[in-house]
Amino acid sequence: MTTPVLELKNLTVDIPTRFGTLRPVDDVSWSIDAGEILGVVGESGAGKSMTGNAVIGLLDSPAHISGGQVLLEGERIDRLKLSDMRRIRGKRIGMVFQDPLTSLNPLLTIGEQLSETILRHLDVSNAEADARAIRGLDEVGIPSAKNRMGAYPHEFSGGMRQRVVIALALCAEPTLLIADEPTTALDVSVQAQITALLKRLCRERGMAAMLVTHDMGVIAETADRVAVMYAGRLAEIGPVSQIVGQPRHPYTDGLMASTPAASAGQARLRQIPGAMPRLGKLPDGCAFHPRCPFVQDKCRHDPGPKVGIADDRAACWFPLDAQEDVA
Amino acid sequence: MSDLPDAARQGPKPTGRLEEAEVVAPSRWKTIWDADISYSFRQSPVAMGAAFVTLVMVLAAVFAPLVATTNPFDPSSLNLMNGFSAPGVPNAFTGETFFLGTDDQGRDVWSTILYGLRISLFVGAMAVAFAMILGITLGLLAGYLGGWTETIIMRVADVQLTFPSILVALLIFGVARGVIPIEYRDQMAIWVLIIAIGLSDWVQFARVVRGATLVEKNKEYVQAARLIGRKPGAIMLRHILPNVLSPVLVIATISLALAIIAEATLSFLGVGAPPTQPSLGTLIRIGQDFLFSGEWWILFFPACTLLALALSVNLLGDWLRDALNPRLR
Amino acid sequence: MTGLVSIKGLTRVFDVSKPWLNRMIERLPKRMLTAVSDVSFDIPAKTTYALVGESGSGKSTIGKMVVGLLRPTEGNVEIDGIDLVTETDPAIIDRIRTDIQMIFQDPFASLNPRWRVRDIITEPVSARGGNIDGLAEKLLVQVGLAEEDAGKYPHQFSGGQRQRLCVARALASEPKLIVCDEPTSALDVSVQAQVLNLMSDLKEDHGLTYLFISHDLTVVRHMADTIGVLYLGRLVEEASPTSLFNEPAHPYTAMLIDAAPRLDAFGREVEPPEGEIPDPTDPPSGCAFHPRCPLATDICKAERPKLTPHGAGRVACHHAGQVRLKGAA
């Protein structure tokens with residue numbers, strides 16, 4: 001068996017506060033293989049962005065990894081020194097964030113930013129770095145890339161800027177890409193372009209990607225496997241067809257059903273009552289139990305189990321497929 | 001989709017009861033104690049120390065008649081023979097002991113400081129209040145109305161900022177002296193001082209309030225109020241004003257320290273509080289005359305008091321600025 | 001019969017030039033942005049009219065002109081036959097104002113953080129001196145919150161609950177028309193469903209008319225009786241949801257439908273749409289969509305198509321009806 005590109009083993013993140021310790025990421029484990037896109041979905045406060053930040057070592061103090069391991073190609077990176085981590089970021093892990101403007105330096109041309117990043121991470125000549133930069137821009141679909149090298153970020157439209165950010169993330173040929181809500185700030189037509197681009201690049205380069213988003217539609221179209229997070233815990237993980245088509249965790253089921261796209265033509269949307277609990281006030285047992293339509297006594301006391309095989313499981317005492325058998 | 005009970009399928013009419021369970025109303029005192037600002041206060045020894053010093057000084061000033069050993073401005077209680085008593089040393093003629101000494105006219109320095117503190121704090125607080133009211137009003141108008149109103153107000157502010165504020169205060173003070181008849185001068189001196197310092201200080205309030213107003217007026221709650229036909233005056237007072245007050249509070253505290261120093265400076269220059277109503281600045285000016293003749297205490301104790309007051313109010317303002325700034329928290 | 005809302009030739013131009021001095025020095029001409037251009041439509045009473053479009057389509061600008069927050073440059077908005085801009089009788093203006101309300105996008109900015117919930121949601125009535133006894137409690141229960149919530153502050157509520165508060169405020173003056181500007185785009189999916197269901201229920205119970213503004217086609221499909229598609233400030237197509245989604249007549253509509261991510265489409269390999277929205281200060285000649293349009297011919301570059309009846313709806317395209325959806329519907 002090949003080593004996965006990224007593997008999380010029981011990753012836990014704690015934020016100590018004066019009112020007690022919050023746990024935005026609680027015992028999360030999964031792996032991403034080369035060429036695979038893992039979609040991480042959840043609503044705000046689910047801990048999905050925090051998980052991504054924990055992987056790349058960008059947790060804001062006082063948040064810190066309090067347990068578990070992060071393995072990049074079999075090598076532990078959660079205990080690395082800041083300087084070593086900085087070398088890994090950009091070189092082996094590329095990052096794309098929601099707002100393309102904050103990821104680019106407004107005072108440097110995009111050519112300078114790309115070449116500089118390439119020179120920092122790869123042992124190549126200046127001319128070679130420029131050539132690679134042009135190739136990178138070409139690859140992400142920037143028209144007449146050679147002429148655009150001297151342009152500043154503000155001269156690009158939102159969609160083009162996000163393409164530049166992707167080129168920047170990929171220029172040092174990382175093995176893992178972490179994209180945190182990469183299309184949320186973009187219009188629908190541009191969003192479709194960017195997701196198609198991400199899909200193509202992962203396939204062509206055999207790169208693993210972790211795609212964090214709240215948009216079920218984007219996940220359904222882009223990801224190979226999906227991890228659903230709820231209140232810092234992994235609710236369900238599995239292949240995209242399984243998660244979208246036959247969810248087993250009641251939360252996943254409710255989430256999919258409440259997407260307006262899923263109930264086109266119906267008078268009412270199906271809704272999950274209530275809201276995600278705040279981190280400081282997690283209920284006992286399964287965190288979803290107060291909102292769950294199938295809640296039973298056991299759910300109120302025992303946190304959900306991890307059922308199923310390693311990369312296809314739902315953290316629910318009474319997963320939906322099992323229930324149908326009973327009924 | 002899998003089979004679901006009817007209740008889940010139809011989505012019951014929202015009740016919201018479940019969400020409510022999270023919010024339990026604590027008592028008012030508990031709310032204040034738990035607020036971020038009071039927590040930050042408890043975590044900062046500097047802020048607590050500064051607040052303690054300020055509080056003691058304010059109390060001493062307010063209750064000066066009770067704390068002071070004599071009323072230094074009641075001529076009947078003064079004995080010229082007590083002049084120049086050193087601190088804690090019995091007077092050679094009368095045998096009385098003054099623990100902070102006396103000045104040339106036999107006034108107890110401890111008592112003059114307490115009464116001086118009163119004047120200094122009063123002038124400082126009133127000047128800041130005046131500057132605040134003026135600055136907030138003009139800032140709100142400039143920010144909310146925009147256009148020519150804004151241009152005129154902010155250009156006047158810019159011009160005033162190019163002069164040092166003490167110069168502006170001196171100018172206003174000079175004009176006022178020329179206008180007020182001589183027999184009222186001493187009586188009016190304190191109020192002239194307040195207006196002079198206040199007028200030299202409104203600009204920063206106006207600038208901060210205008211900036212905050214520009215942010216707030218584009219927020220949707222202001223649009224919602226406009227939508228239902230609220231008049232601009234009501235929107236400014238009831239909607240925007242409460243939301244621009246926290247930066248004003250910070251500036252007001254720091255301004256208080258500056259106003260006290262400005263008042264002391266003016267009084268030291270001889271254009272402030274008259275000798276009949278001496279502030280700390282006046283006391284320092286008087287004490288200065290005796291510094292080189294060995295009577296150091298006449299200058300030293302008022303100066304220390306002014307330093308301690310200005311420093312602690314300033315530290316309090318610094319802490320408040322950090323505590324109210326969400327980015328530093 | 002004309003509708004409750006009748007919009008005729010609505011146009012809004014913004015001056016986005018640099019300041020006067022910069023223009024003189026750099027010799028730049030004035031830059032005008034036509035955000036909305038010659039838009040006409042009617043909203044019959046008790047129906048939902050949805051405006052969809054991407055950024056720069058002018059959808060929010062139209063919403064603001066309908067509620068009277070912005071003045072049209074040309075054209076007019078009539079509500080119940082009354083044009084708020086030209087109407088002079090204050091009693092009639094006041095009556096129409098109570099008939100219109102708005103729900104905003106950002107549930108955090110649309111509630112004044114310093115006000116209690118009771119005061120916020122009754123403001124549309126209290127501002128006119130109406131009777132608000134028990135009104136807040138009644139409204140809170142209607143939107144699925146509790147009567148006790150009236151004494152709380154907005155920060156004690158979650159995003160979805162805040163949007164319910166906004167709905168409660170919008171209902172307070174018993175309006176006929178509510179303009180909803182992206183009411184759920186800041187909310188999580190499961191909460192969005194709650195709020196959309198609530199809005200549907202209230203429409204039934206109160207006989208409301210909605211102007212629903214959104215960028216999200218799937219949400220619009222669910223809520224609307226009629227959908228108007230905007231591109232660069234112009235209405236390019238108007239149809240019922242069924243015909244719009246099954247047989248879009250304008251190529252831009254088809255592109256939007258194709259680009260919208262679908263849940264049942266994992267592994268779907270569709271060529272993404274080409275190009276991006278052009279600079280609205282310098283729109284393309286003729287039909288503004290022609291640079292991105294797969295059907296474009298010479299006439300599209302030269303002549304702007306008029307909005308003409310097409311089936312039961314209207315469309316502005318020289319090649320109306322020739323377009324096909326890429327994905328199987």
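Two residues are taken to be in contact when heavy atoms of theirs lie within 4.5 Å. With that in hand, here is what the predicted model shows, starting with one residue of chain B.

Leaving out neighbours within four places in sequence, B:Val244 is in contact with B:Val209, B:Ala212, B:Thr213 and B:Glu216. B:Val244 itself sits in helix H13 of chain B, which covers residues 232-268. Its relative accessibility comes out at just 1%, and since anything under 20% is called buried, B:Val244 falls in that class. Going along the sequence, B:Leu256 comes 12 residues away from B:Val244, and the two C-alpha atoms are 19 Å apart in space.

The wider setting in chain B comes from an annotation. An unreviewed UniProt entry puts the feature "transmembrane region" at residues 46-68, 119-145, 157-176, 188-209, 240-262 and 296-320 of chain B. Two of these spans can be set against the model's secondary structure. Residues 119-145 of chain B are 100% helix and 0% strand, with 38 Å between the end C-alpha atoms. Residues 296-320 of chain B come out at 96% helix, again with 0% strand, and here the end C-alpha atoms are 36 Å apart.

Over in chain A, A:Thr183 belongs to a loop rather than a helix: the stretch between strand S7 (176-180) and helix H8 (188-205). Is A:Thr183 buried or exposed? The relative accessible area is 4%, so A:Thr183 counts as buried. Setting aside residues up to four places away in sequence, A:Thr183 touches A:Gln191, A:Ile194, A:Thr195 and A:Val218.

Chain C is best described as a whole. Its secondary structure adds up to 11 helices and 12 strands. What does the radius of gyration say about chain C? A compact globule of 329 residues would have a value near 20 Å, and chain C has 21 Å, so the two agree. Along the principal axes, the C-alpha atoms of chain C fill a box of roughly 65 × 55 × 45 Å. Of the 329 residues in chain C, 56% count as buried. Among contacts in chain C with a separation of 6 or more, 65% are between residues 24 or more positions apart.

As for the surface, chain C exposes about 14000 Å², and carbon and sulfur atoms supply 49% of that area. Chain C also carries 35 positive and 43 negative charges, and the mean positions of the two sets are 4 Å apart.

Notes: Residues numbered from 1 in each chain as written. Chains lettered and ligands numbered in written order. Predicted model: local features only at pLDDT ≥ 70, side-chain atom pairs only at ≥ 80, totals over all residues. Heavy atoms only, no water. Helix = DSSP H or I, 4+ residues; strand = E, 2+ residues; numbered from the N terminus. Rg over C-alpha atoms; globule rule 2.2 N^0.38 Å. Buried < 20%, exposed > 50% of the residue type's maximum accessible area, 1.4 Å probe, protein only. Areas by Shrake-Rupley, 256 points an atom, 1.4 Å probe, with all protein chains shown as cover. Lys, Arg positive; Asp, Glu negative; His and termini not counted. Charge placed at Lys NZ, Arg CZ, Asp CG, Glu CD. UniProt positions renumbered as here; feature names shortened; annotations may be inferred.
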